[in-house]
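User: Could you take a close look at one strand for me, and tell me what surrounds it and how its neighbours are held? I would enjoy a connected walk-through with the cut-offs included.

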Amino acid sequence: MLYRDRKGRTFRGNEKQDRFLRAVYGSAPGRLVLKLLIQPGVSRFCGVILSSRISALGAAALMKKYHMDPSDYQTDRFDSWNEFFRRQFRPEQRPVDRAPDALISPCDGKLRCCTIRRDGSFTIKRCRYSLETLLRNRTLAAEYEGGQLLIFRLTVDDYHRYCYIADGRKSKNVSLPGVFHTVNPAAEEWFPVYQENAREYSCLETERLGKVLMVEVGAMLVGKIVNHHGETTAARGQEKGYFEFGGSTILLAFQKDRVSVDRDIQQNSAEGIETLVRLGERIGTALG
């Protein structure tokens with residue numbers, strides 16, 4: 001998988017991992033094994049292991065591999081892998097763009113964007129999705145026809161906390177049970193992972209961006225999506241929640257003519273390339 005940063009530099013992802021997952025998802029024996037691995041019970045079991053003290057050794061290895069600076073975080077001591085995975089940056093490490101017309105990223109991750117068709121469908125890789133099926137709510141899905149969908153894919157090296165992108169009134173959380181496919185693009189070639197995986201969604205009523213749909217999607221070995229609030233008044237940059245271990249995805253849907261995504265992100269998405277973004281940075285413009 002190719003990524004591109006905001007300066008136009010292109011990087012390759014973990015090619016060995018990509019090849020392995022394509023082999024697993026692309027073979028009958030591999031898909032048989034997956035039937036076990038994607039079950040919620042497996043994720044819960046892994047969560048217990050990754051909360052043990054011995055799992056902290058893996059955190060130290062990952063920080064070294066990705067050249068993470070411990071001083072960037074609010075603590076440099078982690079007693080388990082999951083403590084490391086829930087680590088919090090010091091505020092100055094993720095400044096939030098405060099311009100009134102700024103559309104900001106809710107998280108660190110690899111971003112793609114696409115248009116939601118008038119029938120409520122959208123395509124990622126070879127999979128065609130239905131927003132109605134994703135939400136299991138026909139009325140809500142219809143509000144986003146013709147709008148924009150932003151897909152933020154988080155990998156194990158990313159910061160797994162996420163924030164509200166605007167001031168507004170947040171609705172209750174709706175949890176939809178499911179399995180736990182990997183969110184690596186290799187899986188998207190075989191399964192509609194965002195419709196099959198466990199997920200949680202809510203809406204944020206805002207002045208400039210309209211009614212924003214926010215969806216958190218769990219993934220393989222992620223047994224937990226932790227959202228801090230039910231119905232509440234939210235502020236731009238305020239922490240909304242976090243994921244526990246593994247890859248994961250955040251989807252943001254906007255109603256028609258509410259946002260304009262930055263040109264580089266649109267161009268990269270058209271080429272099948274994800275854009276590397278950080279929590280709080282500007283990724284587009286509010287049109288409201």
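Analyst: Happy to; here is a walk through strand β16 and the parts linked to it, starting with some ground rules. This is a predicted model, in which local features need pLDDT of at least 70 and side-chain atom pairs count only at pLDDT 80 or more, while totals for chains, interfaces and linings use all residues. Residues are numbered from 1 along each chain as its sequence is written, and side-chain values use heavy atoms, with hydrogens and water left out.

First, the setting. The protein chain has 10 helices and 19 strands; these are DSSP runs numbered from the N terminus, with helices being H or I of at least four residues and strands E of at least two. Of its 288 residues, 53% are buried. Here buried means under 20% relative accessible area, exposed means over 50%, and partly exposed lies in between (1.4 Å probe, protein chains only). Among contacts with a separation of 6 or more, 75% are between residues 24 or more positions apart, a contact being heavy atoms within 4.5 Å.

Now to the strand itself. β16 covers residues 248-254, and because 7 of the 7 residues are buried, the rest of the structure largely encloses it. In a regular strand, side chains alternate between the two faces of the sheet. In β16, S248, I250, L252 and F254 point one way, T249, L251 and A253 point the other way, and all are buried.

Which strands pair with β16? One is β7, which runs antiparallel to β16 and is joined to it by 7 bridges. Another is β12 (residues 211-217), also antiparallel to β16, with 5 bridges. Pairing requires that DSSP finds at least two bridges between the strands. For individual positions, R153 stands opposite T249 in β16, while L252 of β16 is the bridge partner of M214.

R153 is a good place to step outward. Its side chain meets that of E274 in a salt bridge at 2.8 Å, N to O; the term means a side-chain nitrogen of Lys or Arg within 4 Å of a carboxyl oxygen of Asp or Glu. R153 sits in β7 and E274 in strand β18 (residues 274-277), so this pair ties together parts that are 121 residues apart in sequence. Both ends are covered: E274 is buried at 0% relative accessible area, and R153 is buried at 3%.

Just past β7 there is another such link. D157 forms a salt bridge with K110, and their closest N and O atoms are 4.0 Å apart. D157 lies in the loop between β7 (148-154) and β8 (161-163), whereas K110 lies in strand β4 (residues 109-115), so the pair ties together parts that are 47 residues apart in sequence. D157 is partly exposed, with a relative accessible area of 25%, but K110 counts as buried at 4%.

These belong to a total of 17 salt bridges in the structure. For a further example, R6 forms one with D262, the closest N and O atoms being 3.0 Å apart. R6 is in the loop between β1 (2-4) and β2 (10-12) and D262 in the loop between β17 (259-261) and α10 (263-270), so they tie together parts that are 256 residues apart in sequence. R6 counts as partly exposed, at 29% relative accessibility.
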